[in-house]
Amino acid sequence: MPAIAYELPELPYDYDALEPHIDAETLRIHHDQHHRRYANDLNEVLADYPGLANHSIEALLWNLDRVPEEIYPLARFYGGGCANHQLFWKVMAPALAAADAPTGALADAIDEAFGGLDAFVEAFTDAALSVFGSGWAFLTTDEEGTLRIEATANNDNPLTDGRGALFVLDCWEHAYYLSYRHRRDEYVEAWWNVLDWATADDRYDRIPESIERFERERH
Ligand SMILES: [Fe+2]
């Protein structure tokens, strides 16, 4: 039996929990089909590399430069697909339960880096709308806590460049097409209602812990 590297995480809420902003059918297909497919494909790619299978999905991306050349493109694509979706589910919550603004250290860092929350939301929205084709928009931090908005193509994840994501927005059409058709701007505007800033606060506060963990898992 090949080692199972990656297990599809369950959604932390019901399929209809994010309505009306993200509809139940989209969420069901997105998680049960798209994310599952990435998980299956990743495990197939890693099946002959048990050394890689012993690490977390984040550590795989963190160590991507050490992945054997013959599986590098697929490990990057499927690994990123798994990690990005996993984080995407985590940072969302039903609109009534989602914290609608950052607090504490992250709020201060956003003020400093972007000149306030409204200016940040506008800049992040622009980045999400500027993703050409399929990709993702991230709020990332480096080891010093410096924030950055990053848009990536396909399934790339900034961890590969040593920066951790505080949250992520899926900009692939499969994330919104059923409800919003081609209108990504309406999807992004609605998505802010289900982004749970409390998860970003928490991730920002745990930067030292995350660095320690990744260093430990470095091959
Ligand atoms: Fe997706």
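This is a dialogue on how to read the features of one predicted model.

Colleague: What should be known about the numbering and the model before reading on?

Modeller: Residues are counted from 1 along each chain as its sequence is written. The model is predicted, and local features need pLDDT of at least 70, side-chain atom pairs count only at pLDDT 80 or more, and totals for chains, interfaces and linings use all residues.

Colleague: How many helices and strands are there in the protein?

Modeller: Helices (H or I, at least four residues) and strands (E, at least two) are DSSP runs, numbered from the N terminus. Here the protein has ten helices and three strands. Read from the N terminus, the order is α-α-α-α-α-α-β-β-β-α-α-α-α.

Colleague: What is the radius of gyration of the protein?

Modeller: The radius of gyration is taken over C-alpha atoms, and the globule rule is 2.2 Å times the number of residues to the power 0.38. For this protein the radius is 17 Å, close to the 17 Å that the rule gives for 219 residues, so the protein is as compact as a globular protein of that length. Along the principal axes, the C-alpha atoms fill a box of roughly 50 × 40 × 30 Å.

Colleague: What percentage of the residues is buried?

Modeller: A residue is buried if 20 or more other C-beta atoms lie within 10 Å of its own, exposed if 12 or fewer, and partly exposed in between, with C-beta atoms placed from the backbone. By that count, buried residues are 33% of the 219 residues.

Colleague: How is a nonpolar core read, and which residues have the most contacts inside the largest one?

Modeller: A nonpolar core is a set of buried Ala, Val, Leu, Ile, Met, Phe, Trp, Tyr and Cys residues joined through C-beta atoms within 7 Å. The largest one here has 51 residues, and Leu 42, Cys 82, Ala 137, Phe 167, Val 168 and Ala 200 have the most contacts inside it. Helix H1 (residues 24-46) gives the largest share of this core, six residues.

Colleague: Take a residue of H1, Val 45. Is it buried or exposed?

Modeller: Val 45 is buried, with 21 other C-beta atoms within 10 Å. A contact means that the C-beta atoms of two residues, placed from the backbone, lie within 7 Å. Leaving aside neighbours within four places in sequence, Val 45 is in contact with Ile 71, Leu 74, Ala 75 and Tyr 78. Val 45 and Tyr 78 are 33 residues apart along the chain, yet their C-alpha atoms are separated by 8.7 Å. For the protein, 72% of the contacts between residues at least 6 apart in sequence join residues at least 24 apart.

Colleague: Now the sheet. In what order do its strands stand?

Modeller: Two strands pair if DSSP finds at least two bridges between them. The three strands form an open sheet in the order E2-E1-E3, with antiparallel pairing. E2 and E3 stand at the edges with a single partner strand each, so one side of each has no neighbour in the sheet.

Colleague: How many bridges join E1 to each partner?

Modeller: E1 and E2 pair over seven bridges, and six bridges join E1 (residues 135-141) to E3. Between E1 and E2, Phe 138 has Glu 150 as its bridge partner. On the E3 side, Thr 141 is partnered by Gly 164, Thr 140 by Ala 165, and Leu 139 stands opposite Phe 167.

Colleague: Which way do the residues of E1 point?

Modeller: Gly 135, Ala 137, Leu 139 and Thr 141 point one way, Trp 136, Phe 138 and Thr 140 the other way, and all are buried. Seven of the seven residues of E3 are buried as well, so E3 is largely enclosed by the rest of the structure.

Colleague: Which backbone angles deserve a look?

Modeller: One is the peptide bond from Glu 19 to Pro 20, which is cis, with omega near 0 degrees; Pro 20 lies in the segment before H1. Asn 154 is not a glycine but has a positive phi of about 55 degrees, and it lies in the loop between strand E2 (147-153) and strand E3 (164-170). Asn 154 is partly exposed, with 14 other C-beta atoms within 10 Å. Arg 181, also not a glycine, has a positive phi near 50 degrees and is exposed, with 11 other C-beta atoms within 10 Å.
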